Amino acid sequence: MPVRFGLLGPLAVWTDHGEPVTVPGRKVRALLANLLVNAGRPVSADRLVDDLWGEAAPADPTAALHVRVSQLRRALANAEPGGRELVVSQAPG
């Protein structure tokens, strides 16, 4: 299930076999980058919303964040078996 990530320069994701993984949308890529920078540490939903939208948060930021997390999990699941489990939700973040 190894998925490889590149953060220096443009965000890049590859399967263990070197095949590129498409992470759809600017917000989903920003979410992934944020999670990678904070790997191993919980990141609160409030912080993610602030980092992704700042002052221009959508009317229902929690729902919008859930949509982006779902899109990220789907992209990772399509890349490698078990990829969906790379993004977990638990308290406190």
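Modeller: Two residues are in contact when heavy atoms of theirs lie within 4.5 Å. By that cut-off, and not counting residues up to four places away in sequence, valine 23 touches Val13, Val28, Arg29, Leu32, Leu72 and Ala75. The model is predicted.

Colleague: How do you know what confidence the chain has, in terms of pLDDT?

Modeller: The predictor's confidence runs from 0 to 100. The chain averages a pLDDT of 89, and 96% of the residues score at least 70.

Colleague: Which elements have the lowest and the highest mean pLDDT?

Modeller: Strand E1, residues 3-6, has the lowest mean at 79, and helix H2, residues 45-53, has the highest at 95.

Colleague: What makes up the order of elements from the N terminus on?

Modeller: The chain holds three helices and two strands. Read from the N terminus, their order is β-β-α-α-α.

Colleague: Why does the radius of gyration of the chain agree with a compact globule?

Modeller: For 93 residues the rule for a compact globule gives a radius near 12 Å, and the chain has 13 Å, so the value agrees with the rule. The C-alpha trace spans about 40 × 25 × 20 Å along its principal axes.

Colleague: How much area does the chain expose, and what share do carbon and sulfur atoms supply?

Modeller: About 5900 Å² is exposed, with 54% of it supplied by carbon and sulfur atoms. As for single residues, 30% of the 93 count as buried.

Colleague: What makes the largest nonpolar core a core, and which residues have the most contacts inside it?

Modeller: Such a core is a set of buried residues of nonpolar types, joined through side-chain atoms within 4.5 Å. The largest one has 19 residues, and those with the most contacts inside it are Val13, Val23, Leu31, Trp53, Leu65, Leu72 and Leu76. Helices H1, H2 and H3 (61-79) are the elements that give two or more residues to this core. The largest share, six residues, comes from H3.

Colleague: Why is alanine 75 called buried?

Modeller: The relative accessible area of alanine 75 is 8%. Buried means under 20%, so alanine 75 qualifies. Alanine 75 has its place in helix H3. Beyond neighbours within four places in sequence, alanine 75 is in contact with Val21, Thr22, Val23 and Pro24.

Colleague: How far apart are alanine 75 and valine 23, in sequence and in space?

Modeller: They are 52 residues apart in sequence and 5.9 Å apart C-alpha to C-alpha. For the chain as a whole, among contacts between residues at least 6 apart in sequence, 43% join residues at least 24 apart.

Colleague: Why does asparagine 34 count as buried?

Modeller: Asparagine 34 has 11% relative accessibility, and therefore counts as buried, the limit being 20%. Asparagine 34 is found in helix H1, residues 26-37.

Colleague: What makes the pairing of asparagine 34 and aspartate 51 a polar contact?

Modeller: The cut-off for a pair of N or O atoms is 3.5 Å. The side chains of asparagine 34 and aspartate 51 are joined at 2.6 Å. Leaving aside neighbours within four places in sequence, asparagine 34 is in contact with Val43, Leu48 and Asp51.

Colleague: Why does valine 87 count as buried?

Modeller: Valine 87 lies in the segment after H3. At 11% relative accessibility, valine 87 counts as buried, since the class covers values under 20%. Apart from neighbours within four places in sequence, valine 87 is in contact with Leu35, Val69, Leu72, Arg73 and Leu76. The C-alpha atoms of valine 87 and leucine 35, 52 residues apart along the chain, are separated by 8.5 Å.

Colleague: Why is leucine 36 called partly exposed?

Modeller: Partly exposed is what lies between buried, under 20%, and exposed, over 50%. Leucine 36 has 22% relative accessibility and therefore counts as partly exposed. Leucine 36 has its place in helix H1 and touches Phe5, Leu7 and Leu11, residues up to four places away in sequence not being counted.

Colleague: Why is leucine 7 called partly exposed?

Modeller: The relative accessible area of leucine 7 is 39%, so leucine 7 is partly exposed. Leucine 7 lies in the loop between E1 and strand E2 (12-15). Leaving aside neighbours within four places in sequence, leucine 7 is in contact with Ala33, Leu36 and Val37.

Technical notes:
Residues numbered from 1 in each chain as written. Predicted model: local features only at pLDDT ≥ 70, side-chain atom pairs only at ≥ 80, totals over all residues. Heavy atoms only, no water. Helix = DSSP H or I, 4+ residues; strand = E, 2+ residues; numbered from the N terminus. Buried < 20%, exposed > 50% of the residue type's maximum accessible area, 1.4 Å probe, protein only. Polar contact = N/O pair within 3.5 Å; in protein donor to acceptor, adjacent residues only side chain to side chain. Rg over C-alpha atoms; globule rule 2.2 N^0.38 Å. Areas by Shrake-Rupley, 256 points an atom, 1.4 Å probe, with all protein chains shown as cover.
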